[in-house]
Amino acid sequence: MSTSGVPLPRAGGLFVTATDTGVGKTFIACSVARIWRARGLKVAPRKPVESGCALREGQRFPEDAALLAAAAGLPPERLPEVNRYRLAEPLAPDLAARLEGRPLHLAELVAASARPADAWRITEGAGGLYSPLCEDGLNADLAEALGDPVLLVAEDRLGTLSGCLLALEALDRRGLQVVAVVLNRRRPDAHPAMDNRAELARRSGLPVLGLPEGAPALVVDQMLSASSSSIVSPPEPGSTG
Ligand SMILES: Nc1ncnc2c1ncn2[C@@H]1O[C@H](COP(=O)(O)OP(=O)(O)O)[C@@H](O)[C@H]1O
Ligand SMILES: [Mg+2]
């Protein structure tokens, strides 16, 4: 594993966001959680609000939070600390919550994302960076409130560069540190001449990791842990650079 000789801070975290919904935030966040866990870190996954929770044994079941909990090695009974708000409708959480007559506010999501002082937090919002999360906040507002550095996930396809550069500009304007961009590829779509990874790395100056099409979780774990020490050992929250 690549640590580049940099000692890990005692605790820290990453906020995983994306250019859009359904591009692989949970998939990548689970990989990061597994890598941290394998390094003996105490991992605190957080998915403070999840919408589209279907009933399982009569209870709303948060699929993403359950995947994150399993990746972090947490038993099912600890699911409530990963996910506090479970909404039924498969809509943006602000709307899903309003439909239930129980509007959500940013302070509640920040509280639901709290971590133990010695834990490494990996937080997944819902949707893309500027998707609404609650009455008074977007995903970007939760990221800003938590202060953890950001990992941006996007789907590697035609059109990705615009979405990534827009998101990176928004993150920069908010003073949020970006550790890396992961370009996830779930289906074949590539013109042989297209190289989003190289193009985005050149235009952003950030580490950009391109995953092979349909890479299984084990391969993703190996690539993430080998490719960028800023993902496996992100800077401490609030630090600059
Ligand atoms: N590299 C990949 N290969 C195969 N399936 C993937 C890959 N990345 C994501 N998926 C699948 O695509 C779907 C959406 O990914 P997910 O991580 O849930 O996205 P998000 O959290 O951004 O909504 C899930 O079913 C997930 O398992
Ligand atoms: Mg998800």
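## Ligand 1 and strand S7 in a predicted model

The protein has 10 helices and 12 strands, where helices (H or I, at least four residues) and strands (E, at least two) are DSSP runs numbered from the N terminus. Its radius of gyration is 17 Å, close to the 18 Å from the globule rule for 241 residues, so the protein is as compact as a globular protein of that length. That radius is taken over C-alpha atoms, and the rule is 2.2 Å times the number of residues to the power 0.38. The C-alpha trace spans about 50 × 35 × 35 Å along its principal axes.

A bit of housekeeping: this is a predicted model, with local features needing pLDDT of at least 70 and side-chain atom pairs counting only at pLDDT 80 or more, while totals for chains, interfaces and linings use all residues. Residues are numbered from 1 along each chain as its sequence is written, chains are lettered from A and ligands numbered from 1 in the order in which they are written, and side-chain values use heavy atoms, with hydrogens and water left out.

Of the 241 residues, 47% count as buried, meaning under 20% relative accessible area (exposed is over 50%, partly exposed in between; 1.4 Å probe, protein chains only).

Now for the ligand. The residues around ligand 1 (a heavy atom within 4 Å) are Gly22, Val23, Gly24, Lys25, Thr26, Phe27, Glu124, Asn184, Arg185, Arg186, Gly214 and Ala215. Helix H1 (residues 25–38) gives the largest share of this shell, three residues. By type, the shell splits into three nonpolar, five polar and four charged residues; here Ala, Val, Leu, Ile, Met, Phe, Trp, Tyr, Cys and Pro are nonpolar, Asp, Glu, Lys and Arg charged, and the others, Gly among them, polar.

Some polar contacts (N or O pairs within 3.5 Å; within protein, one atom must be able to donate a hydrogen and the other to accept it, and residues adjacent in sequence count only if both atoms are side-chain atoms) are these:

| Ligand 1 atom | Protein partner | Distance |
|---|---|---|
| oxygen | Gly24, polar backbone atom | 3.0 Å |
| nitrogen | Asn184, side-chain N or O | 2.8 Å |
| oxygen | Arg186, side-chain N or O | 3.1 Å |

Taken alone, ligand 1 exposes 550 Å², and the protein buries 68% of that (Shrake-Rupley, 1.4 Å probe; for residues, only the protein chains shown count as cover).

Glu124 from the shell also sits in strand S7 (residues 120–124), where five of five residues are buried. Trp120, Ile122 and Glu124 point one way, Arg121 and Thr123 the other. S7 pairs (at least two DSSP bridges) in the parallel sense with S1 (residues 12–18) over five bridges and with S2 (residues 43–46) over four. Trp120 stands opposite Gly12 and is the bridge partner of Val43.
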